[in-house]
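Subject: Structure for your review

Dear colleague,

Please find below the structure that I am handing over to you. I would be grateful if you would open it alongside this message.

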Amino acid sequence: MNAILVASNRGPVSFTLSEDGSLSMRRGGGGLVSGLSEVAKDLGVLWVCAALSDGDRGAVRMAPGGRLDQAGYETGALRMLDIPPATFHRAYNAVANSTLWFVHHLLYDTPNRPHFDARFRREWESYQAYNEAFAMALAEEAPHGARVMVQDYHLSLVPAMLRGERPDLRVAHFSHTPWAPPEYFSLLPDDVAAEVLEGILGADHAGFLTARWGGAFMDCCETVLGAQVERASRTVTHEGRTTRIGTHSLGVDGKALWARASEPDVESHMAALRAQVGDRRLIVRIDRTELSKNIVRGLVAYREFLSAHPEWHGRVTHLAFAYPSRHDLPEYREYTAAVQRCAKEIEDEYATEDWDPLILNVDDDYPRSLAAYRLADVLLVNPIRDGMNLVAKEGPILSPGSALVLSREAGAAVELGEHAVTVNPYDVSATAAALHEGLTMPEAERVRRGALLATAATALPPHRWFAEQLDALG
Ligand code: F6P
């Protein structure tokens with residue numbers, strides 16, 4: 001049996017059901033999965049995740065005990081949970097993504113939302129049931145004394161539930177998002193706010209990407225629970241148990257990224273992009289279309305830059321890749337439409353017969369993203385708030401001579417801010433000025449800063465990030 005277990009909503013693979021009923025498997029998406037997949041394989045970790053789609057459910061139902069590795073798939077040790085679709089939908093879409101994500105990223109339009117009503121109570125019960133399913137599966141799979149690494153806001157109740165079942169285990173929880181300050185966290189109903197905090201405090205070790213997010217968690221524990229917080233030793237004691245609060249930044253495996261970015265499919269995308277934009281300078285952004293990524297303000301900033309600097313007309317192109325995300329949520333669909341509307345306005349205002357000021361792409365294409373990084377002169381990363389943001393780290397590795405325009409609200413700004421052009425993500429005019437600064441930065445300065453950015457970005461690759469947390473569990 002495995003002595004290290006990982007639990008996360010999204011797993012390392014996903015399945016698609018084709019019309020003829022056959023299943024095809026591919027790598028799962030998202031920052032967490034890319035960070036953890038290699039590590040999990042190398043350490044022989046048992047990964048527990050949820051079935052997210054009909055394809056996944058089809059695969060799980062044919063696997064003994066949900067163990068896909070035992071059904072012949074090359075996944076590494078993997079148990080996928082077939083949680084009833086309605087329960088999953090309420091837990092994932094309504095609570096995790098429409099409530100906890102909104103709280104931690106400060107996304108609510110508070111005069112109108114949130115509404116915590118009877119419907120929310122049903123959704124919350126589903127979130128509890130979904131967390132319970134994970135806790136039970138982990139309790140079943142874990143050998144005595146195993147270390148269990150629980151990931152993210154989807155599973156904030158799991159540590160306490162698991163401890164109730166299996167006090168012999170050593171449990172860590174890791175938040176890949178920011179954490180809200182107490183006055184915003186307290187938008188949650190009091191009992192829900194307490195349950196989330198107490199859920200995580202069931203862990204021996206609670207990890208965060210930056211000291212700021214861990215600090216906000218401690219502030220919430222103090223304010224909401226009245227827990228005893230020791231800021232110097234970074235511990236929280238509540239109802240007789242102490243949880244250590246750790247800061248574990250996540251970086252990029254630079255060698256592996258370069259190896260992937262040197263493959264022929266990336267090179268041919270580079271050639272195609274170059275043919276499309278000619279020798280114009282390139283401002284690049286690559287995001288999933290999340291409300292927190294601030295894509296619309298980024299486009300408005302580019303429009304303001306074009307208006308303030310006519311000397312750049314015809315000499316620059318903005319490549320904006322905004323890939324689909326969470327399309328079950330109406331806010332996300334509306335946001336994608338807003339991005340497209342804004343892009344069209346820029347096209348209408350500035351495009352000429354031989355100049356496309358903006359190329360917006362909304363279809364996911366990883367090799368094309370790598371090609372765009374390699375060609376970038378300026379990389380724009382301007383989230384409203386972000387746990388870390390790996391785009392800000394990948395870009396400087398693949399485009400060492402590019403300038404990075406970076407939101408001060410991204411976790412990555414802690415390590416990269418000194419060498420980037422940092423911006424307040426709400427300040428569109430400052431972002432427009434930063435784009436200009438990036439484009440006009442002398443080459444020697446861009447190269448000098450680029451080298452420092454790349455060094456900082458590769459300082460803490462996923463293996464190290466994971467190993468530090470295992471060590472913290474003892
Ligand atoms: O980027 C933060 C994060 O929480 C990642 O840890 C995770 O990969 C992703 O968001 C979850 O997104 P999704 O809803 O697509 O699984």
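The notes that follow describe the chain as a whole, then a pocket and a cavity.

Please bear in mind that this is a predicted model.

Overall form

The protein chain contains 18 helices and 17 strands. Its C-alpha trace extends over about 65 × 55 × 45 Å along the principal axes. The radius of gyration is 22 Å, which agrees with the value near 23 Å that a compact globule of 474 residues would have. Of these 474 residues, 59% are buried. The contacts point to links across the sequence: among those between residues at least 6 apart, 75% join residues that are at least 24 apart. About 18700 Å² of the protein chain is exposed, and carbon and sulfur atoms supply 51% of that area.

The second largest pocket

The second largest pocket holds about 470 Å³ of space. It is lined by 19 residues, of which A94, S98, R113, R119 and E123 are the closest to its centre. Three elements give two or more residues to this lining, namely α3 (85-104), α4 (118-141) and α12 (330-350). The largest share comes from α3, which provides six residues. In character, the lining of this pocket is mixed, with seven nonpolar, five polar and seven charged residues.

The largest cavity

Rolling a probe the size of a water molecule over the atoms shows where empty space is left. How many cavities of 30 Å³ or more does the structure hold? There is one of that size, and the largest cavity has a volume of about 40 Å³. Its lining is formed by S402, A403, L404, H419, A420, V421, M441, R446, R449, G450 and L453. Both β16 (403-407) and α17 (443-458) contribute at least two residues to the lining of the largest cavity. The greatest contribution is that of α17, with four residues. By type, the lining of this cavity comprises six nonpolar, three polar and two charged residues.

For locating these sites in the viewer, α3 is a convenient place to begin with the second largest pocket, as it supplies six of the lining residues; for the largest cavity, α17 serves likewise, with four.

Yours sincerely,

A colleague

Methods. Residues are numbered from 1 along each chain as its sequence is written. This is a predicted model: local features need pLDDT of at least 70, side-chain atom pairs count only at pLDDT 80 or more; totals for chains, interfaces and linings use all residues. Side-chain values use heavy atoms; hydrogens and water are left out. On a 1 Å grid over the protein atoms alone, a cavity is a set of points where a 1.4 Å probe fits but cannot get out, and a pocket is an open set with protein on both sides within 12 Å along at least five of seven lines; lining residues have an atom within 4 Å of a point. Grid points are joined across faces, edges and corners, and a volume is the space filled by probe spheres set on the points. Ala, Val, Leu, Ile, Met, Phe, Trp, Tyr, Cys and Pro count as nonpolar, Asp, Glu, Lys and Arg as charged, and the others, Gly among them, as polar. The radius of gyration is taken over C-alpha atoms; the globule rule is 2.2 Å times the number of residues to the power 0.38. Buried means under 20% relative accessible area, exposed over 50%, partly exposed in between (1.4 Å probe, protein chains only). Contact means heavy atoms within 4.5 Å. Accessible areas come from the Shrake-Rupley method with a 1.4 Å probe; for residues, only the protein chains shown count as cover.
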